[in-house]
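Subject: Handing over the structure

Dear colleague,

I am passing this structure on to you and would be glad if you opened it beside this email. My notes on what was found follow below.

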Amino acid sequence: MEAEQDQALKERAQRVIPNGMWGHMDAARIPVAYPQYFARARGCRLWDVDGREYIDFLCAYGPMVLGYGDPDVELAAERQRREGDIFNGPTVRLVELAEAVVGTIAHADWAMFQKNGTDAMTTCVSIAREATGRRKILVANGAYHGAVPWCNPYPAGSTPEDRAHLVRYDYNDAASLAAAAETCRGDLAAILVSGFKHDVGKHHELPMADFAGAARQLCDEAGAALIVDDVRAGFRLHMGGSWETVGIRPDLSAFSKAIANGYPLACVTGSERFRAAAARVFVTGSFWYGAVAMAAALATLDKLGGIGGIAIMERMGQRLRDGIAAQAAGRGIRLRQSGPPQMPVILFEDDDDRRKGWTFCAEALKRGTYLHAAHTMFLSAAHTEADIDRALEATDAALGVVAERFGWQ
Ligand code: PMP
């Protein structure tokens with residue numbers, strides 16, 4: 001089927017939107033074969049504007065943790081919508097959600113809510129600086145924390161001064177972290193770490209215990225804040241926060257994406273020590289107190305915990321991983337699947353230009369399976385064994401094309 005509607009929308013967009021699209025959905029970032037525009041979704045199925053159906057392994061870049069249109073989340077959101085969303089002040093949902101988050105996130109003594117992951121990360125950094133009276137923030141090379149000047153990985157539109165107090169280290173490398181901390185002596189406000197290493201286009205790595213322990217110790221010795229950016233990994237690795245998997249508790253964490261199953265919400269959690277500083281920083285937004293997203297978050301957290309959503313995603317992700325591994329091995333194709341099974345990335349060997357990766361994805365797409373060749377992918381609790389098996393038929397054929405085109409055998 002031709003992508004007629006998609007093409008027409010892209011052309012209209014070119015006239016009224018700079019470059020036709022911005023940010024991570026910029027058409028230049030996805031291959032030509034990929035649709036830009038979507039019409040609807042349900043569970044783990046997604047339909048583009050031209051009516052083509054996909055089994056989705058991107059989950060809207062993470063938020064859809066229970067699946068699109070989850071009935072329990074939608075009911076909670078709809079009930080709240082009937083009462084209203086934003087008013088001159090918050091609703092009871094705010095206090096209920098803060099209580100639920102404090103009861104779920106292991107290190108949390110308090111919570112504050114925003115809209116996007118960038119809001120939450122920026123708030124964490126402000127609180128750390130206010131609490132310590134210091135400036136320097138350690139950030140891992142290649143890590144993404146948002147798209148405002150202090151952390152935007154792309155220089156356009158910002159100044160070197162915006163990032164003057166960021167100091168780089170390598171994730172999972174305790175020695176590089178210690179060396180970076182050493183350069184900040186007396187001025188270290190925070191160490192920023194992602195829930196796990198999930199840089200785009202790179203093999204993913206879970207945090208190593210020695211690295212996590214070193215980060216905690218360096219912060220304790222320096223009186224700095226350990227901040228876990230759990231925007232991407234939150235509620236997919238561990239309900240209590242991703243670093244529970246290595247037994248290390250941060251001082252501040254940022255969540256977003258999966259917290260409200262697609263409704264716009266972000267959250268900062270903190271320990272007692274940072275409560276006073278959190279109260280002093282002025283952070284806000286017109287829509288940060290919206291009750292509909294909070295009602296959705298309450299339903300999402302309740303259901304995810306209740307059904308053991310993380311275990312479901314892990315099992316489905318492992319089924320996909322095992323299937324693809326067997327298919328690749330059978331054809332002598334060298335690829336590496338990394339990250340936790342519920343948040344995989346699949347990278348082909350000798351594929352610097354990513355032609356193999358995108359060929360694989362484009363061929364799977366033709367067969368109704370939506371994958372990504374560089375970004376973290378996401379399972380949801382709505383994926384079933386039947387969905388995975390159907391997706392594996394697509395990946396098998398796609399790997400066949402890769403083998404043919406790139407001469408593996
Ligand atoms: N941190 C991480 C780890 C992320 O993956 C993202 C979003 N991809 C952000 C922060 C920023 O979140 P948002 O796009 O919602 O502002």
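Among the contacts in the chain with a separation of 6 or more, 75% are between residues 24 or more positions apart. Please keep in mind as you read that this is a predicted model.

The chain has 11 helices and 13 strands. Its radius of gyration is 21 Å, close to the 22 Å that the globule rule gives for 409 residues, so the chain is as compact as a globular protein of that length. Along its principal axes, the C-alpha trace spans about 60 × 55 × 45 Å.

Turning to burial and surface, 56% of the 409 residues in the chain are buried, while the area that the chain exposes comes to about 17700 Å², with carbon and sulfur atoms supplying 52% of it. The chain carries 44 positive and 51 negative charges, and the mean positions of these two sets are 2 Å apart.

One residue to look at in detail is Ser-253, which you will find in strand 9, running over residues 252–255. Ser-253 has a relative accessible area of 2%, and because buried means under 20%, this residue counts as buried. Its side chain is joined to the side chain of His-107 by a polar contact of 2.9 Å. If you leave aside the neighbours of Ser-253 within four places in sequence, the residues in contact with Ser-253 are His-107, Cys-124, Val-228, Cys-267, Val-268 and Thr-269.

With best wishes

Definitions and conventions. Residues numbered from 1 in each chain as written. Predicted model: local features only at pLDDT ≥ 70, side-chain atom pairs only at ≥ 80, totals over all residues. Heavy atoms only, no water. Helix = DSSP H or I, 4+ residues; strand = E, 2+ residues; numbered from the N terminus. Rg over C-alpha atoms; globule rule 2.2 N^0.38 Å. Buried < 20%, exposed > 50% of the residue type's maximum accessible area, 1.4 Å probe, protein only. Contact = heavy atoms within 4.5 Å. Areas by Shrake-Rupley, 256 points an atom, 1.4 Å probe, with all protein chains shown as cover. Lys, Arg positive; Asp, Glu negative; His and termini not counted. Charge placed at Lys NZ, Arg CZ, Asp CG, Glu CD. Polar contact = N/O pair within 3.5 Å; in protein donor to acceptor, adjacent residues only side chain to side chain.
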